[in-house]
Amino acid sequence: MATGMLHLHSLLRWVILILLLISIFKAYTGWQQKRAFTAGDRKIWLFTLIFSHVNLLIGIYQLLLGNYGILKVDVPEGESVMSNKVLRFFWVEHPVFMIIAIVLITAGYKMSKKAVADELKFKRAFWLFFVALLAILVSIPWPFREVIGRPLFPGM
Ligand code: HEM
């Protein structure tokens, strides 16, 4: 179960990144071209919201019961969470940055429902999604990251 959840959590990163890139592209071009906001724009933002929320739920499960689950792993003798690179990353840095990103994605999606001019909708959503993308990119355990690096695809 834990391995399946971890694989799903890892794979969903790609779905979220692709959807977020499309959302950013749509928000940017909509803003620059001053075009009307469409149901298609709303749909792609909604999918980005849904998949990021699904990964949030799986992330909370990992945080509690995964390989580094708070309920399963003890902090090694003589160390603290903040002095242990792996625990600091998976218990603090990764969840905090990802939650910030998901809050921004949620705010970006909510712009689709705001009664403001379409240009403003696109502009605000663009910045919210863009900062969310940066937060996700810096807090993914990419393979090149020392100690906390994880594979690009599950089981690699
Ligand atoms: C957009 C949101 C997120 C993305 C894209 C993401 C991505 C990832 C990736 C790529 C891994 C490495 C998986 C592997 O070892 O193959 C990982 C691990 C992990 N993530 Fe996330 N994550 C997200 C949100 C969260 C959140 C919100 C939490 C906690 C509340 C969380 C907790 C964890 C934990 C604890 C691990 C380590 C799991 C283990 O090795 O057992 N993640 N995440």
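Begin with the whole chain, which has four helices and zero strands, where helices (H or I, at least four residues) and strands (E, at least two) are DSSP runs numbered from the N terminus. Read from the N terminus on, the elements of the chain run α-α-α-α. This is a predicted model, in which local features need pLDDT of at least 70 and side-chain atom pairs count only at pLDDT 80 or more, while totals for chains, interfaces and linings use all residues. Residues are numbered from 1 along each chain as its sequence is written, and side-chain values use heavy atoms, with hydrogens and water left out.

With the chain still selected, show the C-alpha atoms alone, which fill a box of roughly 60 × 25 × 25 Å along the principal axes. Of the 156 residues, 39% count as buried, a word that stands for under 20% relative accessible area, whereas exposed stands for over 50% and partly exposed for what is in between (1.4 Å probe, protein chains only). Among contacts (heavy atoms within 4.5 Å) between residues at least 6 apart in sequence, 69% join residues at least 24 apart.

**First stop: the ligand and its iron**

Select the ligand and the residues around it. There are 20 residues that surround the ligand, and the closest are His9, Asn67, Phe90, His94 and Arg150; a residue is counted here if one of its heavy atoms lies within 4 Å of the molecule.

Next, select the iron atom of the ligand, and ask which residues of the chain coordinate the iron atom. They are His9 and His94, each through its NE2 atom, at 2.0 Å. Donors are N, O and S atoms within 2.8 Å of the metal (3.2 Å for Na, K and Ca), and water is not among the atoms, so sites may look incomplete. The site of the iron atom is octahedral, with angles of 85 to 180 degrees among its six donor atoms. For six donors, that word requires opposite donors to be over 155 degrees apart and all others between 65 and 115. Because His9 lies in helix H1 (residues 2-33) and His94 in helix H3 (residues 85-110), the pair ties together parts that are 85 residues apart in sequence.

Now add the polar atoms around the ligand, keeping in mind that a polar contact is a pair of N or O atoms within 3.5 Å; within protein, one must be able to donate a hydrogen and the other to accept it, and residues adjacent in sequence count only if both atoms are side-chain atoms. A side-chain N or O atom of His9 is 2.7 Å from a nitrogen atom of the ligand, and a polar side-chain atom of His94 lies 2.8 Å from a nitrogen atom of the ligand. At Asn67, a polar backbone atom is 2.9 Å from an oxygen atom of the ligand.

Stay with His94 for a moment: is this residue buried or exposed? His94 counts as buried because its relative accessibility is 13%. Leaving aside residues up to four places away in sequence, His94 touches His9, Phe89, Ser139 and Pro141.

**Second stop: along H1 and H2**

Select H1, a helix of 32 residues that reaches 46 Å from its first C-alpha to its last, close to the 46 Å expected at 1.5 Å a residue; the expected span is 1.5 Å times one less than the number of residues. After H1 comes Lys34, whose phi is positive, near 50 degrees.

Then select H2 (residues 39-65), whose 27 residues reach 39 Å between the first and last C-alpha, close to the 39 Å expected. The buried residues of H2 pack against H1, H3 and helix H4 (118-139), and among them are Asn55 and Thr48.

Asn55 leads back to the iron site, as its side chain makes a polar contact of 3.1 Å with the side chain of His9. Apart from residues up to four places away in sequence, Asn55 touches Leu8, His9, Leu12, Arg13 and Ile16.

Thr48 is buried because its relative accessibility is 1%. The side chain of Thr48 reaches the backbone oxygen of Ile44 at 2.7 Å, and Thr48 also touches Leu19, Leu20, Ser23 and Ile105, not counting residues up to four places away in sequence.

**Last stop: Phe129 in H4**

Finish with Phe129, which lies in helix H4 and is buried, with a relative accessible area of 0%. Its contacts, not counting residues up to four places away in sequence, are Leu20, Ser23, Ile24, Trp45, Ile105, Gly108 and Tyr109.

Conventions. Tetrahedral: all angles 85-135°; square planar, octahedral: opposite > 155°, others 65-115°.
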